[in-house]
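Biologist: Please take a close look at a single loop in this chain, and then work outward from it to other places that help a first-year student read the model. Where would you start, and what would you point to along the way?

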Amino acid sequence: MEGLEEKLKVLSIARRSCPEEPTYLLDVALQPSGLLAVSCSNFTIHLHNKDTLKQVGEYQGHNGRLCGVTFGHTSSDLLYSGSADGTVRVWDVRHPGTEAAQKFKSDPAHCYCSFDLSCSDMLLCAGTEQVDSEDSFLIFWDSRKPAGGLLGVYSESHSDDITQVRFHPRDKDRLASGSTDGLVNVFDLSRGAEEDALLATCNSDSSASSVCWSGADYTQLLCLSHDEGLHLWDLGQLDTDEPLTIFSTSDARSLTLLADGRGVDYLVGGRWLEDTQKLLVVGGKNNGDLHLMECDARGLHLLRSLEGGHASTVRCFLWDAAGEALFTGGEDAQLLLWKPGGEELTPGKRESMKSESALRLKSRPHKKHGYHREKKTA
């Protein structure tokens, strides 16, 4: 099996999509049969052909910032999107441009800043912003109920905005959540009540921005923070005396990672690549350059730098194992396809759109504060 470094070494720009309306591209999801869904800062969702990047559809309906998109695992014609407008909506991609086929919501005071769908497609979970300066909630629905059957809430495990919820890729009852309170929690939902379901709490010592399951059996958990910290934990050590932490840095920007002896300006995110059994972490420079790194017990190691693509901050990426291709989207409104031996049809990267007033105030930064809750830490 060809290694990850060899796969990344041959990537170059094959396609570039630049929508006329300036908008940040925030998240991207891939449907096995060939569609890409992209959530945008203007509250719309764009559908693209994954090979040509041609836009083939658009969904409108949300009236608050989007917190992600994901296709169903068993029903891949269904696309889920979550929003701060207090709804998770389901769209049938066989009918682009139509109204949402299903809508999930809870208390009117709830604004969602994260959501995910279980690997069985049976359970849907959303994380809320902090409500009335007190609690934040994990909301659960039975996704099979046409009226959006609310199952219940967890309210004790986080004290601030729940910025990420991630179901385990293989265990439908395992859920990880990260929050601006600095905590990353792991639940076994089959145990029912929140106190019984909470298996572990890891402290990132900072505001958690994203969480990713990783490792050969998905027993590891990667956490990135809003101030560019990175923590990799081994949950397989929960019942042992061994430390959970595999690798940790409070600021990845301080690491000497690049060929010029400098570091990245920010971290985009991480993904476990099943085809190569590697944890890929993507970082970037403010000029739009991307740096693809492997993360393991030795730390972060640069595999490949991608230049000449984006003109400003990259916000999302996705690895297509079947096509051995990389998709990236950013604040310059560009969606790029990187492939082996790619030859871009329209060369030249687009200028940054950061000055456009339409982009302002679309995605609020999460606040930083102290983390004082007494919890078992990694």
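**From one loop outward**

Modeller: I start with D132, which sits in the loop that runs between strand β11 (123–128) and strand β12 (138–142). Keep in mind from here on that this is a predicted model. D132 has a relative accessible area of 66%, and because the cut-off for exposed is over 50%, D132 is exposed. D132 also has company: together with E134, D135 and E156 it forms a patch of negative charge on the surface.

The loop between β11 and β12 also holds F137. Is F137 buried or exposed? Its relative accessible area is 17%, so F137 counts as buried. One loop can therefore hold an exposed residue, D132, and a buried one, F137. The C-alpha atom of F137 is 8.3 Å from that of H110, although 27 residues separate the two along the chain.

Moving back along the chain, the loop between β10 (112–117) and β11 contains D121. D121 is not a glycine, yet its phi is positive, at about 65 degrees. Why is that worth pointing out? Most residues other than glycine have a negative phi. D205 is another non-glycine residue with a positive phi, near 60 degrees. D205 is located in the loop between β17 (198–203) and β18 (208–214). Their surroundings can be read from the accessibility values. D121 is buried because its relative accessibility is 8%. D205, at 60%, counts as exposed.

Next come the regions that a record marks out. In an unreviewed UniProt entry, the annotation "repeat: WD" is given to residues 59–94, 155–197 and 307–339. In the model, residues 59–94 are 53% strand and 0% helix, and the C-alpha atoms at the two ends of this span are 12 Å apart. Residues 307–339 are 55% strand and 0% helix, with 14 Å between the end C-alpha atoms.

Strand β8 covers residues 87–92, and D92 is part of this strand. D92 is buried, because its relative accessible area is 13%. Ten residues further on in sequence is Q102, and the C-alpha atoms of D92 and Q102 are 9.3 Å apart. A101 belongs to the loop between β8 and β9 (102–104). With a relative accessible area of 56%, A101 is exposed. A101 and W91 are ten residues apart in sequence, and their C-alpha atoms are 5.4 Å apart in space.

The last topic is salt bridges. Counting each side-chain nitrogen of Lys or Arg within 4 Å of a carboxyl oxygen of Asp or Glu, the model has 16 salt bridges. One of them joins D171 to R174, with the closest N and O atoms 3.8 Å apart. D171 has a relative accessibility of 27%, so it is partly exposed. R174 is also partly exposed, at 23%.

A second salt bridge brings together the side chains of D265 and K285, at 3.5 Å from N to O. This pair links distant parts of the chain, with the two positions 20 residues apart: D265 is in the loop between β21 (245–249) and β22 (266–273), whereas K285 is in the loop between β23 (278–284) and β24 (290–296). How are the two partners covered? D265 is partly exposed, as its relative accessible area is 27%. K285 has a value of 18%, so K285 is buried.

A third salt bridge is made by the side chains of K278 and E294, at 3.4 Å from N to O. This pair links distant parts of the chain too: K278 is in strand β23 and E294 is in strand β24, 16 residues apart. K278 is partly exposed because its relative accessibility is 30%. E294 is buried, with a relative accessible area of 12%. Salt bridges can also share partners, and in this way D77, D92 and R94 are joined into one network. That returns us to D92, the buried residue in strand β8.

Definitions and conventions: Residues are numbered from 1 along each chain as its sequence is written. This is a predicted model: local features need pLDDT of at least 70, side-chain atom pairs count only at pLDDT 80 or more; totals for chains, interfaces and linings use all residues. Side-chain values use heavy atoms; hydrogens and water are left out. UniProt positions are given in the numbering used here, feature names are shortened, and annotations may be inferred rather than shown by experiment. Helices (H or I, at least four residues) and strands (E, at least two) are DSSP runs, numbered from the N terminus. Patches are made of residues with over 30% relative accessible area and no salt bridge: like charges are joined within 9 Å, nonpolar side chains (Val, Leu, Ile, Met, Phe, Trp, Tyr) within 5 Å. Accessible areas come from the Shrake-Rupley method with a 1.4 Å probe; for residues, only the protein chains shown count as cover. Lys and Arg count as positive and Asp and Glu as negative; His and the chain ends are not counted. The place of a charge is taken as NZ of Lys, CZ of Arg, CG of Asp or CD of Glu. Buried means under 20% relative accessible area, exposed over 50%, partly exposed in between (1.4 Å probe, protein chains only).
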